[in-house]
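User: Hi! I'm new to reading protein structures and would like to go through this one step by step. Can we do it as questions and answers?

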Amino acid sequence: MRILYALLGGLLAAPCTAQPLIWGYGPADTLPYVEPGRVQPQRGLAPRLGEELSKRFDLPVQFIETPNNRLESYLQEGRLHLICNTTPQWMSESQRYHWSPPLYEEEDVLLQHRDRPPLSDLASLHGRVLGTSLGYVYSQPLMAAFANGAIKRQDVRDLDTSLHMLDKQRLDAVIDMRRNLAYKLNQYPQLQLRFSPWVVERYQIHCAYGPHLPIAAQRLDAVLLELRDRGLISQWLDEALRNAADQPGQQAADAR
């Protein structure tokens with residue numbers, strides 16, 4: 001009996017290894033959402049949210065950079081538990097996931113060279129080359145223009161490369177989220193670029209949870225909703241944007 005008690009005591013005292021919450025993000029995701037090119041990103045909204053969720057649910061959070069064309073299959077298989085910075089219209093099988101409440105609003109906008117006339121609507125892009133991200137889905141009218149050849153889509157490996165190509169006028173414009181582009185402009189103030197006045201599309205940003213989420217989806221929803229309503233998510237995004245001026249780009253020489 002004493003041996004049994006000793007064994008039970010040892011089991012109770014053993015540390016509990018909680019299953020990590022595995023958070024996927026794409027290679028084109030960038031600050032202020034996440035810092036790319038790191039084994040475990042430290043800066044941006046995603047790591048800040050991950051730190052908060054880790055404390056709330058007492059589990060580790062692991063970030064995994066995943067090719068865009070594998071994000072959905074990995075989510076379904078349980079190799080990822082959630083992805084954020086997304087919206088149902090971008091997912092081919094959005095009905096298979098639990099969607100968080102909307103966390104913040106974003107918009108797709110264009111950057112163009114300062115020496116070019118303003119791109120004010122879809123027609124002004126006809127016959128031009130638009131820098132895009134591989135695998136990304138844009139507004140329906142823009143996707144239709146790509147399909148019929150009215151606008152040439154040029155997928156570029158990352159946003160730094162796109163902006164330097166645009167600065168050298170090897171692209172006519174670049175499309176991305178406004179915050180991503182604003183962050184990069186703060187990093188590279190020497191580039192001769194400006195925002196187009198045209199807002200291509202506005203949308204709400206969510207997290208998508210896969211079927212193997214290690215915590216109840218409703219509990220995660222409640223925490224994210226609380227953080228949004230307290231203004232913390234917007235605050236963390238704004239902080240990342242303000243910090244851009246202190247983190248000058250290091251890839252200017254290579255991103256050509």
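Analyst: Sure. A helix here is a DSSP run of type H or I with at least four residues, and helices are numbered from the N terminus. Pro47 is found in one of these, helix H2. Keep in mind that this is a predicted model.

User: Okay, how many helices and strands does the protein chain have?

Analyst: Both kinds of element turn up in the protein chain. The count is eight helices and nine strands.

User: Back to Pro47: is it buried or exposed?

Analyst: A residue counts as buried when its relative accessible area is under 20%. Pro47 has a relative accessible area of 8%, so the class for Pro47 is buried.

User: And which residues does Pro47 touch, if I skip those up to four places away in sequence?

Analyst: One of them is Phe63, which sits 16 residues from Pro47 in sequence, with 8.3 Å between the two C-alpha atoms. With sequence neighbours up to four places away skipped, the full list for Pro47 is Tyr33, Val34, Pro41, Gln42 and Phe63.

User: What about Gln62: which class does its relative accessibility give?

Analyst: Gln62 is found in strand E2. Buried means under 20% and exposed means over 50%, with partly exposed in between. Gln62 comes out at 33%, so Gln62 counts as partly exposed.

User: How far apart in space are Gln62 and Leu80, C-alpha to C-alpha?

Analyst: Leaving aside neighbours within four places in sequence, Gln62 is in contact with Pro20, Leu21, Ile22, Trp23 and Gln40. Leu80 is 18 residues from Gln62 in sequence, and the C-alpha to C-alpha distance is 9.4 Å.

User: Which residues touch the most other members of the largest nonpolar core?

Analyst: In soluble globular proteins, nonpolar side chains tend to be buried together. The largest nonpolar core in this model has 34 residues. Elements that give it two or more residues include strand E1, helix H2 and helix H7. The members that touch the most others are Trp23, Tyr33 and Leu220.

User: What does Leu220 touch, not counting residues up to four places away in sequence?

Analyst: Leu220 is one of the three core members that touch the most others. Its contacts beyond four places in sequence are Leu53, Phe57, Leu82, Tyr209, Leu213 and Ile215.

User: How many residues are in the other core, the one with Val109?

Analyst: This core lies apart from the largest one, and its members include Leu163, Leu185 and Leu191 besides Val109. Its size is 14 residues.

User: Which elements do the buried residues of H8 pack against?

Analyst: Start with the buried residues of H8: Leu232, Ile233, Trp236, Leu237, Ala240 and Leu241. They pack against H2, strand E5, helix H6 and H7.

User: Now the empty spaces. Which strand gives the largest share of the lining of the largest cavity?

Analyst: The largest cavity has a volume of about 60 Å³. Its lining includes Trp90, Asp108 and Tyr203, and by class there are seven nonpolar, no polar and two charged residues. The largest share, three residues, comes from strand E8.

User: And how does the lining of the second largest cavity split by class?

Analyst: The second largest cavity holds about 50 Å³ of space. Among its lining residues are Ala28, Gly131, Ser133 and Asp158. By class, the lining has four nonpolar, four polar and two charged residues.

Definitions and conventions:
Residues numbered from 1 in each chain as written. Predicted model: local features only at pLDDT ≥ 70, side-chain atom pairs only at ≥ 80, totals over all residues. Heavy atoms only, no water. Core = buried A, V, L, I, M, F, W, Y, C linked by side-chain atoms within 4.5 Å. Buried < 20%, exposed > 50% of the residue type's maximum accessible area, 1.4 Å probe, protein only. Contact = heavy atoms within 4.5 Å. 1 Å grid on protein atoms, 1.4 Å probe; cavity = no way out; pocket = protein on both sides within 12 Å on 5 of 7 lines; lining within 4 Å. Points joined across faces, edges and corners; volume = space filled by probe spheres on them. Nonpolar A, V, L, I, M, F, W, Y, C, P; charged D, E, K, R; others polar.
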